[in-house]
Amino acid sequence: MDPVLKNLVRVGRVSSRGKATVKVVFGDRQNMVSYDLSVLVQQSQENKDWWMPDIGEQVVCLFLPSGNAQGFVLGSFYSDVDEPPVDDMEKRHISFKDGTVLEYDIGTHTLMISAQGPVNIVAAGNVNVTGDVIADGVSLKTHVHGGVEPGGGTTGQPA
């Protein structure tokens, strides 16, 4: 194989992170460390996508034919060591190291968010919910209040 082509695509592990770049160590090349490599994202101009691979994460790199100084991290991949978090082809899943999970099940049309910290929704306008909102088992649509004075009765359901 042509030596230039042989060096275009490589697999290594992230050794350090910079501003939207990483350095990658290649174990099959006597632990050679790359220059700063840009991490490819979905979009970067008006709409922006952000992710950085973890230190130690296995990544696929593409180098320009001009040499080792210019290249990109295309992404990472699953292996026997780093297995997928789900095996359902109908789910889109993102899990974070603190245990927070975002998951959408296309089959059941269910969005699940399991947050390990606060959830903040900031909107320039209204936040509209169609359907009931249930907080700790209490329905926003059907809850009633007891102990209403005088007489200790209950309120009706919200209108």
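Start your tour at the largest pocket, whose lining residues divide into 13 nonpolar, 6 polar and 10 charged. Keep in mind as you click around that this is a predicted model.

**Stop 1: the largest pocket**

The pocket has a volume of about 1,300 Å³. To find its middle, select W51, E57, S76, I94 and S95, which are the closest to the centre among the 29 residues that line it. Next, colour strands β1 (9–17) and β7 (91–95), since each of them supplies at least two residues of the lining. Which strand gives the largest share of the lining? That is β7, with 5 residues.

**Stop 2: a salt bridge that starts on β7**

Stay on strand β7 and select K91 together with E103. These two form a salt bridge, with their closest N and O atoms 3.3 Å apart. The pair links distant parts of the chain: K91 sits in strand β7 and E103 in strand β8 (residues 101–105), 12 residues apart. The count of salt bridges in the model comes to 1, so there is no need to hunt for another, given the rule that a Lys or Arg side-chain nitrogen must be within 4 Å of an Asp or Glu carboxyl oxygen.

Now switch on the surface. Is E103 buried or exposed? E103 counts as buried because its relative accessibility is 13%, under the 20% limit. Its partner K91 has a relative accessible area of 30% and is therefore partly exposed.

**Stop 3: an annotated stretch**

Select residues 45–78. An unreviewed UniProt entry annotates them as "domain: Gp5/Type VI secretion system Vgr protein OB-fold". In this model the span is 35% strand and 0% helix, and its end C-alpha atoms lie 29 Å apart.

**Stop 4: T21 on β2**

Move to T21, a residue of strand β2 (residues 21–26). T21 has a relative accessible area of 15%, so it is buried. Show what surrounds T21: leaving aside neighbours within four places in sequence, it is in contact with D36, L37, S38, V39 and M52.

**Stop 5: G156 after β11**

Finish at G156, found in the segment after β11 (138–139). G156 counts as exposed because its relative accessibility is 55%. Which residues does G156 touch, not counting those up to four places away in sequence? Select H143 and V144 to see them. For a last distance, pick the C-alpha atoms of G156 and V144: they are separated by 5.8 Å, although the residues are 12 apart along the chain.

Technical notes: Residues are numbered from 1 along each chain as its sequence is written. This is a predicted model: local features need pLDDT of at least 70, side-chain atom pairs count only at pLDDT 80 or more; totals for chains, interfaces and linings use all residues. Side-chain values use heavy atoms; hydrogens and water are left out. Helices (H or I, at least four residues) and strands (E, at least two) are DSSP runs, numbered from the N terminus. Buried means under 20% relative accessible area, exposed over 50%, partly exposed in between (1.4 Å probe, protein chains only). Contact means heavy atoms within 4.5 Å. On a 1 Å grid over the protein atoms alone, a cavity is a set of points where a 1.4 Å probe fits but cannot get out, and a pocket is an open set with protein on both sides within 12 Å along at least five of seven lines; lining residues have an atom within 4 Å of a point. Grid points are joined across faces, edges and corners, and a volume is the space filled by probe spheres set on the points. Ala, Val, Leu, Ile, Met, Phe, Trp, Tyr, Cys and Pro count as nonpolar, Asp, Glu, Lys and Arg as charged, and the others, Gly among them, as polar. UniProt positions are given in the numbering used here, feature names are shortened, and annotations may be inferred rather than shown by experiment.
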